[in-house]
Amino acid sequence: MSAEAFIQAFRRFAARRSCPKVMIFDNGSNFVAGEACLREIWNHPEVQSVLHRRQCHWKFIAPRAPWQGGFYERMIGTVKKCLRKTLHRHKINYSELQTLVMEIEARVNNRPLTYLSDDFSQREPLSPTHLVHGGMLSPLIPLAEEYPVYPSHVTRSDLVESYQHLSRVIERWNEVWTREFLTAL
């Protein structure tokens with residue numbers, strides 16, 4: 001990745017999630033193998049300027065200390081395991097995969113962290129999305145009887161079938177996620 005490509009990727013990330021104050025990298029083989037490249041990108045004057053203006057710091061966890069990244073490694077592993085079980089041998093295109101990953105992201109970040117009150121019927125639980133967005137995210141619901149507006153070059157049945165297929169995959173992932181992660185805590 002060039003310094004320019006990194007800046008563009010970082011800008012896309014910051015536009016979607018806001019600019020992070022600290023970026024933590026583990027010492028995984030892909031980062032260790034590419035550390036020289038990452039350091040070169042990091043030391044590039046344009047990258048330094050962008051990150052300095054944004055007051056963003058980049059750091060690696062200590063070598064041979066994988067437990068420092070345990071909180072995110074477990075989450076990543078659980079999401080991947082549920083996704084493998086859900087998709088198994090199903091074929092989906094790149095656009096469907098992007099949609100699926102984004103909807104999974106919303107559901108994972110809507111997971112309950114704790115309740116704010118002893119009266120569970122009064123409030124929704126505190127979730128990571130409350131901390132980032134101030135409230136729960138609400139992804140689209142699966143298609144039932146209502147049909148979305150469709151462009152003229154795509155037939156109504158093709159669009160509905162595609163939407164329903166992706167909805168079924170997402171709901172299946174949600175079932176696996178609930179069983180594997182939420183009820184296992």
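Which residue of β2 is the bridge partner of Met 23? In this predicted model, the partner of Met 23 in β2 is Trp 58, and the pairing of the two strands is a convenient place from which to begin.

## Overall composition

The secondary structure of the protein comes to eight helices and two strands, and read along the sequence these elements follow the pattern α-β-α-α-α-β-α-α-α-α. Of the 185 residues in the protein, 31% are buried. The exposed surface comes to about 13200 Å², with carbon and sulfur atoms supplying 55% of it. Among contacts with a separation of 6 or more, residues 24 or more positions apart account for 61%.

## The strand pair

Strand β1 (residues 22-25) and strand β2 (residues 57-60) run parallel and are joined by four bridges. Besides the bridge already named, Phe 25 has Phe 60 as its bridge partner in β2. In a regular strand, the side chains alternate between the two faces of the sheet. Along β1 this alternation places Met 23 and Phe 25 on one face, where they are buried, while Val 22 and Ile 24 point to the other face and are not buried. Along β2 the side chains likewise alternate, with Trp 58 and Phe 60 buried on one face, and His 57 and Lys 59 pointing to the other and not buried.

Lys 59, which is found in strand β2, has a relative accessible area of 49% and is therefore partly exposed, since the cut-off for an exposed residue is over 50%. Leaving aside its neighbours within four places in sequence, Lys 59 is in contact with Val 22, Met 23, Ile 24 and Phe 25. Lys 59 and Asp 26 are 33 residues apart in sequence, yet their C-alpha atoms are 8.8 Å apart in space.

## Helices α5 and α6

Two of the helices can be set side by side by their expected and modelled spans.

| Helix | Number of residues | Expected span | Distance between end C-alpha atoms |
|---|---|---|---|
| α5 | 18 residues | 26 Å | 25 Å |
| α6 | 16 residues | 22 Å | 22 Å |

For α5 (residues 70-87), the expectation rests on 1.5 Å a residue, and the distance between the end C-alpha atoms agrees with it. The buried residues in α5 include Tyr 72, Met 75, Thr 78, Val 79, Cys 82, Leu 83, Thr 86 and Leu 87. Seen down the axis of α5, its buried residues fall within an arc of 150°, so they line one face of the helix. An α-helix has 3.6 residues a turn, so residues three or four places apart point the same way.

Just after α5 comes His 88, with a positive phi of about 45°, a positive value in a residue other than glycine. His 88 lies in the loop between α5 and α6 (94-109), and at 65% relative accessibility His 88 counts as exposed.

At the start of α6, a side-chain oxygen of Asn 93 reaches to within 3.2 Å of the backbone nitrogen of Ser 95. For α6, too, the distance between the end C-alpha atoms agrees with the span expected at 1.5 Å a residue. The buried residues of α6 are Glu 96, Leu 100, Glu 103, Ile 104, Glu 105, Ala 106, Arg 107 and Val 108.

## Helix α4

Which residues are buried in helix α4 (residues 45-53)? In α4, Val 47, Val 50 and Leu 51 are buried. These three residues cover an arc of only 90° around the axis, which puts them on the same side of α4. On the other side of α4, Pro 45, His 52 and Arg 53 are exposed. Just after α4, Gln 55 takes a positive phi of about 55°.

## His 130 in helix α7

Further along the chain, His 130 has its place in helix α7 (residues 128-133). The side chain of His 130 makes a polar contact of 2.9 Å with the side chain of Ser 127. Leaving aside its neighbours within four places in sequence, His 130 is in contact with Glu 124, Pro 125, Gly 135 and Met 136.

Key: Residues numbered from 1 in each chain as written. Predicted model: local features only at pLDDT ≥ 70, side-chain atom pairs only at ≥ 80, totals over all residues. Heavy atoms only, no water. Expected span 1.5 Å × (residues − 1). Buried < 20%, exposed > 50% of the residue type's maximum accessible area, 1.4 Å probe, protein only. Arc of directions from axis to C-beta. Pairing = 2+ DSSP bridges. Contact = heavy atoms within 4.5 Å. Areas by Shrake-Rupley, 256 points an atom, 1.4 Å probe, with all protein chains shown as cover. Polar contact = N/O pair within 3.5 Å; in protein donor to acceptor, adjacent residues only side chain to side chain.
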